[in-house]
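User: Hi, I have a structure open and would like to talk it through with you. Could we go step by step?

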Amino acid sequence: MARVRKPFLMRASAGVMTAVERLASAELRSVNAQLEILLRESLERRGIRIPPPGDTDDEA
């Protein structure tokens, strides 16, 4: 079963996007995948647990 993903528009400064693009390239990820990883890591540091990709709980 395909994972449900919610599209959204995001604006970011050129410097932030350049840094994300470089990091994504270094880690062999797309910019979209890199942004999701960075968001998940940030949420976890703040004590908010997000189910890993593939868990049925994150398809709500």
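Analyst: We can go through the helices, then the salt bridges, then the surface, and please keep in mind that this is a predicted model.

User: Ok, how many helices and strands does the chain have?

Analyst: The chain has 2 helices and 0 strands.

User: What should the span of α2 be, and what is it in the model?

Analyst: Helix α2 covers residues 31-45, and because each of its 15 residues counts for 1.5 Å, with one residue fewer in the product, the helix should span 21 Å, which agrees with the 21 Å between its end C-alpha atoms. For α1, with 13 residues, the expected span is 18 Å, and its end C-alpha atoms are likewise 18 Å apart.

User: And what comes after each helix?

Analyst: Leu28 follows α1 and has a positive phi, near 55 degrees, while Gly47, just after α2, takes a positive phi of about 85 degrees.

User: Switching topic, how many salt bridges are there in the whole structure?

Analyst: A search of the whole structure finds 3 salt bridges. One of them pairs Glu36 with Arg5, with the closest N and O atoms 2.6 Å apart. That pair links distant parts of the chain, since Glu36 is in helix α2 and Arg5 is in the segment before α1, 31 residues apart.

User: Which residue does Arg40 meet in a salt bridge?

Analyst: The side chain of Arg40 meets that of Glu36, at 3.3 Å from N to O, and both residues lie in helix α2, 4 residues apart, which is about one turn of the helix. Through shared partners, salt bridges join Arg5, Glu36 and Arg40 into one network.

User: Is Arg40 buried or exposed?

Analyst: Arg40 has a relative accessible area of 14%, and because buried means under 20%, Arg40 counts as buried. Glu36, at 23%, is partly exposed, and so is Arg5, at 41%.

User: What about Arg29, where is it?

Analyst: Arg29 sits in the loop between α1 and α2, and it forms a salt bridge with Glu27, the closest N and O atoms being 2.3 Å apart. Leaving aside neighbours within four places in sequence, Arg29 is in contact with Ala24, Gln34 and Ile37. With 33% relative accessibility, Arg29 is partly exposed, and Glu27 is partly exposed too, at 38%.

User: Last one, what share of the chain is buried?

Analyst: Buried residues make up 8% of the 60 residues. The chain exposes about 5200 Å², of which carbon and sulfur atoms supply 58%.

Conventions
Residues numbered from 1 in each chain as written. Predicted model: local features only at pLDDT ≥ 70, side-chain atom pairs only at ≥ 80, totals over all residues. Heavy atoms only, no water. Buried < 20%, exposed > 50% of the residue type's maximum accessible area, 1.4 Å probe, protein only. Areas by Shrake-Rupley, 256 points an atom, 1.4 Å probe, with all protein chains shown as cover. Contact = heavy atoms within 4.5 Å. Salt bridge = Lys/Arg side-chain N within 4 Å of Asp/Glu carboxyl O.
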